[in-house]
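The exercises below are meant to be worked through with the sequence and the model open side by side. Each task is followed by a solution that goes step by step.

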Amino acid sequence: MRASRLISLLLLLQSRETMTAAELARELEVSERTIYRDVLALSAAGVPVYADRGRAGGYRLLGGYRTRLTGLTRDEAEALFLAGLPGPAGDMGLADAVASAELKVLAALPPSLRDAPARAGQRFHLDVPGWFREVGPPPWLAELAGAVWRDRTVRMRYRRGDREVTRELAPYGLVLKSGTWYLVGRVGEGYRTYRVDRVAGVEVGEDTFDRDDGFDLAAYWRGQAGEFLRSMLRARVTLRLSAAGLRRLRHLVDAPFVYDEAVAAADGPDAQGRVVLRLPVESVEVAYAQLLTLGPEVEVFDPPELRELMASAAARTAALYASSDPVSGSR
């Protein structure tokens with residue numbers, strides 16, 4: 001345990017140059033007294049770590065000291081190569097950089113772990129695009145990725161419906177969701193999200209922008225994704241479902257969290273074992289197409305137009321089976 005912590009402390013100093021005892025203690029989840037003891041242990045082992053006194057002081061390594069990656073376990077080494085994500089990195093124009101970094105990491109590994117990239121590549125492969133979709137990065141992805149990395153402002157032409165608009169923004173980050181790339185940018189004082197495959201042109205400026213240190217890309221995306229799904233659900237339906245219908249409904253809705261919320265708000269099963277719940281849906285037409293697959297496992301109570309559509313479909317289906325010869329097709 002302590003050996004692992006000492007390696008973590010050393011790598012933190014390598015990556016951040018100077019850190020106070022309090023900062024190290026927070027990162028490693030130990031007391032400052034433990035940090036003092038660990039620093040003494042590193043010094044005794046020959047690691048040139050020393051303390052700068054004063055307000056802006058802290059611990060640092062002398063003369064750009066670096067350590068080889070001899071502290072990695074096999075699981076850690078294999079996970080490191082899994083994290084490369086060569087497909088998305090290549091889409092952003094970083095394939096050469098990723099390959100170069102992997103070679104340097106590989107050279108630093110001890111001989112017993114040199115097979116880590118081969119083992120990881122033989123066992124796991126990430127295929128990001130969805131089925132039946134054209135494979136290949138959007139035309140302007142590499143330019144936008146370069147602007148994101150260098151904190152450069154961009155002037156972007158963007159297709160919105162049947163028209164094209166121009167936006168000047170600070171590109172904060174890129175998100176890959178279900179095979180589709182999205183750009184998150186700051187426009188004025190707010191943040192907006194754009195589909196990269198709708199970008200018609202990009203001019204990367206010479207000016208850089210100052211990032212908001214409080215901006216969290218992952219948290220922003222989670223919030224945006226939830227709001228986007230909720231904004232699509234403009235109608236509500238009231239359903240009465242059998243136990244089988246309730247189970248199958250989970251796989252039909254576009255937003256699983258909406259299903260969970262509806263089930264949590266519903267009362268228990270009635271005398272026939274069926275459950276009544278209110279469910280947000282995109283539209284009556286979409287709900288009709290989805291609920292038809294449940295057949296007799298669902299009964300629509302509301303809205304009336306959806307109940308009529310379901311009843312009409314059920315009547316036509318019953319008539320079809322009642323009057324047709326399955327062999328000859330005669331009536």
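**Exercise 1. Find which residue of S7 is the bridge partner of valine 184, and place the pair in its sheet.**

Solution. Step one is the pair itself: in S7, valine 184 has threonine 193 as its bridge partner. The model in which this pair is found is a predicted one. Step two is the pairing of the strands, where strand S6 (residues 180-187) and S7 are antiparallel and share 6 bridges. Step three is the sheet, an open one of 5 strands in the order S7-S6-S5-S4-S8, with antiparallel pairing. Strand S7 (190-195) and strand S8 (199-208) stand at its edges with a single partner strand each, so one side of each is left without a neighbour in the sheet. Direction ignored, neighbouring strands of this sheet are turned by 45° against each other on average.

**Exercise 2. Determine which strands helix H8 lies across, and which of its residues are buried.**

Solution. Begin with the packing: H8 lies across strand S4 (152-160), strand S5 (163-177), S6 and S8, and the helix runs at about 70° to S5. Next, go along the helix, which covers residues 141-150, and mark Leu141, Leu144, Ala145, Gly146, Ala147 and Val148 as buried. Finally, look just past the helix, where aspartate 151 follows H8 and has a positive phi, near 55°.

**Exercise 3. Decide whether tyrosine 194 is buried or exposed, and list what it touches.**

Solution. First locate the residue: tyrosine 194 is found in strand S7. Then compare its relative accessible area with the cut-off: the value is 1%, and buried means under 20%, so tyrosine 194 is buried. The third step is to list its contacts, leaving aside residues up to four places away in sequence: tyrosine 194 touches Met156, Tyr158, Arg160, Arg167, Leu169, Trp181, Tyr182, Leu183 and Val187. For one of these, tryptophan 181, the C-alpha atom is separated from that of tyrosine 194 by 8.7 Å, with the two residues 13 apart along the chain.

**Exercise 4. Describe the second largest pocket by its volume, its lining and the elements that supply that lining.**

Solution. The volume comes first, and the second largest pocket holds about 520 Å³ of space. Its lining is made of 17 residues, and those nearest the centre are Tyr182, Thr193, Arg195, Trp221 and Phe228. Turning to the elements, S4, S6, S7 and helix H9 (217-232) each supply at least two lining residues, and the largest share, 6 residues, comes from H9. Sorted by class, the lining of this pocket divides into 7 nonpolar, 4 polar and 6 charged residues. Threonine 193 thus appears in two settings, as the bridge partner of valine 184 and among the residues nearest the centre of the second largest pocket.

**Exercise 5. Find how many cavities of 30 Å³ or more the whole structure holds, and characterise their linings.**

Solution. The search of the whole structure gives 2 such cavities. The largest cavity has a volume of about 130 Å³, and of the 17 residues lining it, Val253, Leu279, Pro280, Val281 and Gln290 are the closest to its centre. Strand S9 (235-241), strand S10 (275-281) and helix H12 (284-291) are the elements that give two or more residues to this lining, with H12 giving the most, 4 residues. By class, the lining of the largest cavity has 14 nonpolar, 1 polar and 2 charged residues. The second largest cavity contains about 30 Å³ of space and is lined by Leu229, Met232, Leu233, Asp254, Ala255 and Glu282. Its lining has 4 nonpolar, no polar and 2 charged residues.

**Exercise 6. Work out the strand order of the open sheet of 3 strands, and find the helix that lies across S9 and S11.**

Solution. The order is S10-S9-S11, with antiparallel pairing. S10 and strand S11 (298-302) are the edge strands, each pairing on one side only, and the twist averages 35° from one strand to the next. Within the sheet, 7 bridges join S9 to S10, and alanine 235 stands opposite valine 281 in S10. The helix sought is H13 (residues 304-323), which lies across S9 and S11 and runs at about 150° to S11.

Technical notes: Residues numbered from 1 in each chain as written. Predicted model: local features only at pLDDT ≥ 70, side-chain atom pairs only at ≥ 80, totals over all residues. Heavy atoms only, no water. Buried < 20%, exposed > 50% of the residue type's maximum accessible area, 1.4 Å probe, protein only. Pairing = 2+ DSSP bridges. Axes fitted to C-alpha atoms, helices over the stretch in contact; angles between N-to-C directions. Contact = heavy atoms within 4.5 Å. 1 Å grid on protein atoms, 1.4 Å probe; cavity = no way out; pocket = protein on both sides within 12 Å on 5 of 7 lines; lining within 4 Å. Points joined across faces, edges and corners; volume = space filled by probe spheres on them. Nonpolar A, V, L, I, M, F, W, Y, C, P; charged D, E, K, R; others polar.
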